[in-house]
Number of protein chains: 2
Amino acid sequence: MSKAETAREAAIPVLAEVFREHGYEGASLALLGNRTGLGKGSLYHAFPGGKAEMAEAVLDAIEAWFETRIYAPLRDEPDPRAAIDRMLTETDAYFRSGGRACLVGAFALTDGRDRFALRIARYFTGWRDALAAALTRAGFGPGDAADRAEEVVSAIQGGLVLARALDDPAAFGRMLARLRPRLDPSGGAAPGR
Amino acid sequence: MSKAETAREAAIPVLAEVFREHGYEGASLALLGNRTGLGKGSLYHAFPGGKAEMAEAVLDAIEAWFETRIYAPLRDEPDPRAAIDRMLTETDAYFRSGGRACLVGAFALTDGRDRFALRIARYFTGWRDALAAALTRAGFGPGDAADRAEEVVSAIQGGLVLARALDDPAAFGRMLARLRPRLDPSGGAAPGR
DNA sequence: CGCGGTTTGTACCGATCGGTACAGAGAGCG
DNA sequence: CGCTCTCTGTACCGATCGGTACAAACCGCG
């Protein structure tokens with residue numbers, strides 16, 4: 001692996017954190033350079049496309065992480081209940097129990113929306129569809145499974161917004177706890193349906 | 001009312017829309033000037049504090065709108081069920097059935113967070129507490145009411161994020177529909193609690 | 001060592017950022 | 001009309017924006 005590729009891989013998590021905290025417009029090249037410890041020359045050598053390519057690389061890395069750690073197990077693991085459980089614990093860990101915002105959600109709300117619409121949509125549809133598949137295999141009817149999957153993906157975003165708005169990360173944990181019984185076919189009945 | 005005050009009042013909804021679409025950092029003075037039809041001179045005459053004061057005025061206007069249209073009825077209307085129903089329809093209308101993002105949520109996720117933390121938190125606590133009061137009067141136990149209120153406020157934000165991310169405003173309506181039965185004490189039992 | 005390509009710090013670019021200064025247009029009033 | 005005070009378009013400020021150019025430093029390799 002060339003030095004540039006190494007630097008690129010090492011930089012991506014840091015870039016992600018800066019985009020997460022400041023949004024696309026708010027993350028200036030000066031900030032991105034300082035936090036990664038890379039000068040402008042190095043940054044543009046690793047990401048010739050500039051800031052846009054950095055954001056794309058970050059979004060791709062996030063999608064890859066979710067794909068292997070969450071979506072694929074939801075789709076393929078023999079025991080769907082175990083995969084769903086794993087999704088909840090992985091999600092809680094990824095978002096640091098509410099202490100970390102969702103970069104994709106932040107991009108969706110403001111500046112990056114038009115620029116990265118496709119990747120943003122794919123992140124959410126991927127999650128929703130994989131979860132729906134798992135719920136179907138777990139015993140929910142197809143329509144019910146799709147509905148619950150959408151609800152869960154949506155609720156996770158809501159929990160992150162609220163946790164950040166109230167500066168109360170625990171709000172995210174409470175939201176995950178509310179979700180759990182709704183993902184168990186033997187458990188609570190569908191509320192009002 | 002002086003001309004400046006009139007201009008200020010007239011400008012606020014437009015400013016709100018620009019902040020909503022671009023976030024705090026993304027909303028440049030040039031953009032704010034063009035959309036309001038006000039030159040820099042007029043803008044700074046109406047908002048001597050500059051961009052920060054514009055955003056504060058917008059947040060104040062939003063809070064006032066929700067306070068009178070939603071929070072106060074939830075707290076004070078004799079029939080809590082009617083107030084809750086009204087909340088749902090007003091919310092759906094305000095967010096244009098998912099076609100409009102929540103400025104407060106967007107600020108919470110990225111740039112405006114530190115700058116406007118207090119107002120952002122107040123928007124959400126105000127909503128949550130007013131709804132909890134209505135739910136209590138409607139017959140839920142205090143703890144249950146508070147929990148459901150937090151869930152609803154969180155879910156609304158999640159629905160808005162998802163609607164925007166998928167470019168599918170209807171996702172917001174589906175979320176509201178899922179919420180409705182959970183706000184009726186005679187209806188569906190609490191799921192898993 | 002010298003040679004080649006890769007990597008990087010730095011100077012610089014035009015554009016735009018938020019904000020200020022101010023002259024003159026405009027409106028209210030006697 | 002003329003005076004006064006409010007308003008506003010425009011020029012301008014220094015800082016910073018994202019991005020480019022390029023020479024020097026660096027590195028593996030012979």
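Trainee: How many salt bridges does a search of the whole structure find over all chains?

Mentor: A salt bridge is counted when a side-chain nitrogen of Lys or Arg lies within 4 Å of a carboxyl oxygen of Asp or Glu, and the search over all chains finds 46 of them. Before we go on, note that this is a predicted model, in which local features need pLDDT of at least 70 and side-chain atom pairs count only at pLDDT 80 or more, whereas totals for chains, interfaces and linings use all residues. Residues are numbered from 1 along each chain as its sequence is written, chains are lettered from A and ligands numbered from 1 in the order in which they are written, and side-chain values use heavy atoms, with hydrogens and water left out.

Trainee: Which residue forms a salt bridge with Glu21(A)?

Mentor: Side chains of opposite charge can pair when their charged atoms come close. Here Arg35(A) is the partner of Glu21(A), with the closest N and O atoms 3.4 Å apart. Arg35(A) belongs to helix α2 of chain A and Glu21(A) to helix α1 of chain A, so the pair ties together parts that are 14 residues apart in sequence; helices are DSSP runs of H or I with at least four residues, strands are runs of E with at least two, and both are numbered from the N terminus.

Trainee: How should I read the interface, and how many residues of chain A are in contact with chain B?

Mentor: Contact means heavy atoms within 4.5 Å, and by that criterion 42 residues of chain A are in contact with 42 residues of chain B. Buried area is the accessible area, taken with a 1.4 Å probe, that two parts lose on being put together, summed over both; for chains A and B this comes to about 3600 Å², with 61% of it on carbon and sulfur atoms. On the side of chain A, Leu109(A), Glu150(A) and Arg178(A) lose the most area to chain B, together 19% of what that side buries.

Trainee: What polar and charged pairs join the two chains?

Mentor: There are ten salt bridges between chain A and chain B, including one in which the side chains of Arg178(B) and Glu150(A) meet at 3.5 Å, N to O. A polar contact is a pair of N or O atoms within 3.5 Å, where within protein one atom must be able to donate a hydrogen and the other to accept it, and residues adjacent in sequence count only if both atoms are side-chain atoms; between these chains, 18 residue pairs are in polar contact, both residues being at pLDDT 80 or more. Of the elements of chain A, α9(A) gives the most to the side that touches chain B, with 13 residues. That side divides into 17 nonpolar, eleven polar and 14 charged residues, where Ala, Val, Leu, Ile, Met, Phe, Trp, Tyr, Cys and Pro count as nonpolar, Asp, Glu, Lys and Arg as charged, and the others, Gly among them, as polar.

Trainee: By what turn and shift can chain A be laid on chain B?

Mentor: Copies are superposed by least squares on the C-alpha atoms of residues with pLDDT of at least 70 in both. Chain A can be laid on chain B with an RMSD of 0.0 Å by a turn of 180° and a shift of 0.0 Å along the axis, and that is the relation of a two-fold axis. In chain A, the C-alpha nearest the axis is that of Gly158(A), 1.8 Å from it. The same surface serves both copies, as 100% of the contact residues of chain A recur in chain B.

Trainee: Which residues are closest to DNA strand D?

Mentor: A residue is near a strand if one of its heavy atoms lies within 4 Å of it. Of the 15 residues that surround DNA strand D, the closest are Leu29(A), Lys40(A), Tyr44(A), Lys51(A) and His45(B), and sugar and phosphate account for 65% of the atoms of this strand that come within 4 Å of the protein. A backbone N or O atom of Leu29(A) lies 2.6 Å from a phosphate oxygen of DNA strand D, while a polar side-chain atom of Lys51(A) lies 2.7 Å from a phosphate oxygen of that strand. The largest share of the surface near DNA strand D, three residues, comes from α3(B).

Trainee: Which element gives the most to the surface near DNA strand C?

Mentor: For DNA strand C that element is α3(A), with three residues. Among the contacts with this strand, an N or O atom in the side chain of Tyr44(B) is 2.7 Å from a phosphate oxygen, and a polar side-chain atom of Ser42(A) lies 3.2 Å from a sugar or linking oxygen.
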